[in-house]
Amino acid sequence: MAMAQALPNDGVMRAADGTPLKVALARAERREKLKAMALVLPLFAFIIFSFVIPIIIMLYNAVYDPDVAENMPQTVVALKAWDGKDVPSEEVFAAFVADMKEAQKNKQTALIGKRLNYEMSGIRSKVVATGRKVATLDQAPYREAVIGIDKVWGEPETWATIKRSSSNYTPFYVLSMLDLRQNPDGSIENVPPDRAIYKSILVRTLGISLLVTVLTLVLGYPVAYLLATSPQRTASILMIFVLLPFWTSLLVRTTAWMVLMTDGGVFAGLMHFTGVTWFLNLVGLLNGEPELFKTRFATVVAMTHIQLPFTLLPIYSVMKTISPTYMRAAKSLGGTPFYSFLRVYVPQTLPGVAAGCLLTFILCLGYYITPAIVGGPTDQMISGFIERAINSENNWGKASALGVILLTATLILYYVYNKLVGIDRMKLG
Amino acid sequence: MAVPAYYTRGETVMYYAVRVFVALVLLFLISPILAVMPLSFNSESFFTYPMPGFSLKWYEDFFFNPRWSGAVKMSFLVAIATTILATALGTLAALGLARANFPAKATIMAILISPMIVPVIISAVGMFKFYAAMDLVGTRLGIILAHTALATPFVVITVTATLSSFDKTLMRAGASCGAAPHTVFFKVVMPLILPGMISGALFAFVTSFDEVIVVLFLASPEDRTLPLQMFSGIREMISPTITAAATVLVLISTAMLITLEMLRRRSERLRGVAPN
């Protein structure tokens with residue numbers, strides 16, 4: 001009773017223990033929020049540590065590059081005073097000799113050479129050779145002696161390159177993956193056309209992805225329509241044809257296409273049997289039997305096959321929700337079948353089309369396995385070049401810079417997808 | 001499949017044209033998978049029809065050559081560990097996400113789903129560098145952790161989808177009847193969201209079981225998984241054993257698909273929206 005007396009009679013609604021209801025509710029909601037966050041936390045922490053942080057560290061390599069700064073510390077300091085026009089002073093050469101002796105002792109000359117070689121091709125072997133010979137130089141003046149070892153040290157451009165790469169951070173990798181380069185004075189220009197190769201890889205990746213997306217839409221839309229409008233029993237049988245490939249591993253499907261596309265294989269046989277080969281020969285598009293393996297054609301066909309369910313299923317699930325009465329209404333109001341379909345049915349399917357096409361386009365950008373197996377050297381996409389930069393060239397800066405470009409493109413599209421479709425409404429199978 | 005009587009001639013033509021077109025697309029979808037299967041019984045080591053003879057030798061190689069059978073074992077080990085980890089972490093997170101609105105929920109969801117969207121090559125290269133610093137490259141643990149990160153989005157998505165139709169008052173009913181939170185979860189929530197959990201688990205299993213690129217970077221040469229063995233087999237020397245492996249994998253995915261379809265029908269029946 002003491003409790004009840006303590007309660008002021010001010011018209012505020014209260015919980016059983018006397019706290020105002022508003023406060024009690026806020027407290028309960030806060031507790032509920034904390035519980036919800038506690039449930040999400042383990043996975044969130046796991047994803048941050050095993051996935052997000054590794055990727056951020058990797059991408060950091062696109063601009064972080066201490067190879068020259070760490071291994072030529074004295075030269076870097078001495079070059080600060082250099083005007084960048086003539087061959088540097090004796091002071092710079094003395095620092096250079098000291099650095100090279102140290103680098104030779106620590107077996108770092110190859111690393112320096114490799115780094116400088118990215119910006120000045122052909123210098124790698126000269127750096128390594130100089131490193132070997134520099135040990136014999138033990139007294140000043142060094143300038144003429146070093147130039148005597150290799151003429152390359154007598155060119156201001158060499159020193160400009162060293163000076164440019166002497167910072168721990170460099171825009172070099174990202175710029176060069178966009179076919180741009182930095183001049184000694186810091187301005188940015190296009191590289192000469194004969195060395196501009198990376199933009200074409202980017203364009204190729206976008207082009208193949210776009211073509212595959214369009215093909216999956218053209219092939220998938222009618223299938224989704226029929227699946228959504230057929231009676232349940234027929235639809236579930238047809239669905240098997242879509243879902244079985246969807247559930248079959250990407251590698252298995254790529255393998256299947258590799259087997260079918262081998263020269264003289266099943267696909268070529270089918271083209272021969274149906275007269276397609278004969279027809280293509282007739283119109284002059286082909287000379288003899290087709291060679292399909294390791295071509296752009298094989299890459300696009302295999303990728304279209306793999307991505308088709310990804311485009312089709314979101315369209316199907318939107319079409320399922322469209323009531324057939326709309327079409328009947330359109331027709332009864334005098335619309336021709338084609339006109340009603342185009343103006344009444346198709347607009348309602350657009351959310352599904354956007355979802356499916358965006359998903360397919362995003363996934364296509366990252367393709368590596370399929371082009372690597374059924375494509376030729378000119379069909380490799382960005383992912384393939386990232387793999388090669390690491391496994392064959394051991395060039396982390398390049399791999400990371402390509403990664404930055406690929407990830408930026410993907411995340412922009414992911415953002416659009418999230419705004420347009422909503423990630424929480426994504427459905428599988 | 002009769003055309004409705006009121007169709008115009010144009011509509012009738014379209015009706016059949018669409019059906020023929022769809023039949024061809026479905027043929028395109030299914031035929032590569034079916035066409036590769038008979039070739040695994042070829043007695044010669046080339047990939048053309050007609051086959052000169054019938055042989056089981058590629059299956060013998062697949063099941064008894066330690067390179068292949070070891071890879072199969074490794075794949076199952078990694079995939080099962082990944083499935084358990086991913087299902088546990090993903091289900092908890094999905095329960096949390098469905099429970100209440102909290103700050104930055106949409107962003108957190110986007111981050112949790114991102115391993116599915118980020119190109120695998122980027123994940124693989126990043127993990128390679130980071131895991132190398134922690135001595136996890138070349139270990140099974142490293143592969144399992146990496147695959148778990150890639151597989152959890154599928155669990156989060158499927159369980160979230162199931163929870164969206166889950167009646168939350170049931171949890172309160174359980175609690176008001178005196179059940180502890182874990183009892184409510186195991187006796188009330190779990191039986192109802194189990195179909196979602198199982199399909200999420202299947203997705204997680206398949207994600208790990210089919211994954212090549214991460215394994216390409218993280219696996220030690222003697223600890224190859226089945227997809228890696230296939231991939232390097234294709235690059236080095238094409239042996240028809242690959243077609244036998246592909247056939248076995250297609251059978252496994254068919255079994256998965258049937259399980260999933262049965263689950264879907266069961267849950268639809270339970271909700272009283274059964275077809276037919």
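**Chain contact, nonpolar cores and helix α16 in a predicted two-chain model**

In the contact between the two chains, 76 residues come from chain A and 79 residues from chain B. On the side of chain A that touches chain B, helix α2 (residues 21-60) gives the most, with 20 residues. By character, the residues of this side of chain A divide into 52 nonpolar, 16 polar and eight charged. The model is a predicted one, and local features are described where pLDDT is at least 70.

The domain assignment divides chain A into domain 1 (16-49), domain 2 (69-165) and domain 3 (198-425). Between the C-alpha centres of domain 2 and domain 3 of chain A there is a separation of 52 Å.

The largest nonpolar core comprises 166 residues, and the residues with the most contacts inside it are A:Leu402 together with B:Ala93, B:Ala124, B:Val125, B:Val214 and B:Leu218. To this core α16(A) gives the most, with 14 residues. Because domain 1 (16-49) and domain 3 (198-425) of chain A both give residues to this core, the core lies between them. When residues up to four places away in sequence are not counted, B:Ala124 touches B:Ile213, B:Val214, B:Leu216 and B:Phe217. Another core, of 22 residues, lies apart from the largest one and has A:Met72, A:Met100, A:Tyr142 and A:Val146 among its members.

Helix α16 of chain A (residues 296-319) was then considered for its length, bend and burial. At 1.5 Å a residue, its 24 residues should span 34 Å, and the distance of 33 Å between its end C-alpha atoms agrees with this expectation. A kink of about 40° is nevertheless found in α16(A) at A:Gln307, shortly before the proline A:Pro309. Of the 24 residues of α16(A), 21 are buried, so the helix is largely enclosed by the rest of the structure.

A further position of interest is A:Ile362, which is placed in helix α18 (residues 337-365) of chain A. A:Ile362 counts as buried because it has 24 C-beta neighbours inside 10 Å, the cut-off for burial being 20 or more. With neighbours within four places in sequence left aside, A:Ile362 is in contact with A:Thr410, A:Leu413, A:Tyr414 and A:Tyr417 of chain A, and also with B:Ile117 of chain B. By contrast, A:Asn395, which is 33 residues from A:Ile362 in sequence, is 26 Å from A:Ile362 in space, C-alpha to C-alpha.

Key. Residues are numbered from 1 along each chain as its sequence is written. Chains are lettered from A and ligands numbered from 1 in the order in which they are written. This is a predicted model: local features need pLDDT of at least 70, side-chain atom pairs count only at pLDDT 80 or more; totals for chains, interfaces and linings use all residues. Helices (H or I, at least four residues) and strands (E, at least two) are DSSP runs, numbered from the N terminus. The expected span of a helix is 1.5 Å times one less than its number of residues. The bend at a residue is the angle between axes fitted to the seven residues ending there and the seven starting there. A residue is buried if 20 or more other C-beta atoms lie within 10 Å of its own, exposed if 12 or fewer, and partly exposed in between; C-beta atoms are placed from the backbone. A nonpolar core is a set of buried Ala, Val, Leu, Ile, Met, Phe, Trp, Tyr and Cys residues joined through C-beta atoms within 7 Å. Domain bounds come from an automatic or database domain assignment. Two residues are in contact if their C-beta atoms, placed from the backbone, lie within 7 Å. Ala, Val, Leu, Ile, Met, Phe, Trp, Tyr, Cys and Pro count as nonpolar, Asp, Glu, Lys and Arg as charged, and the others, Gly among them, as polar.
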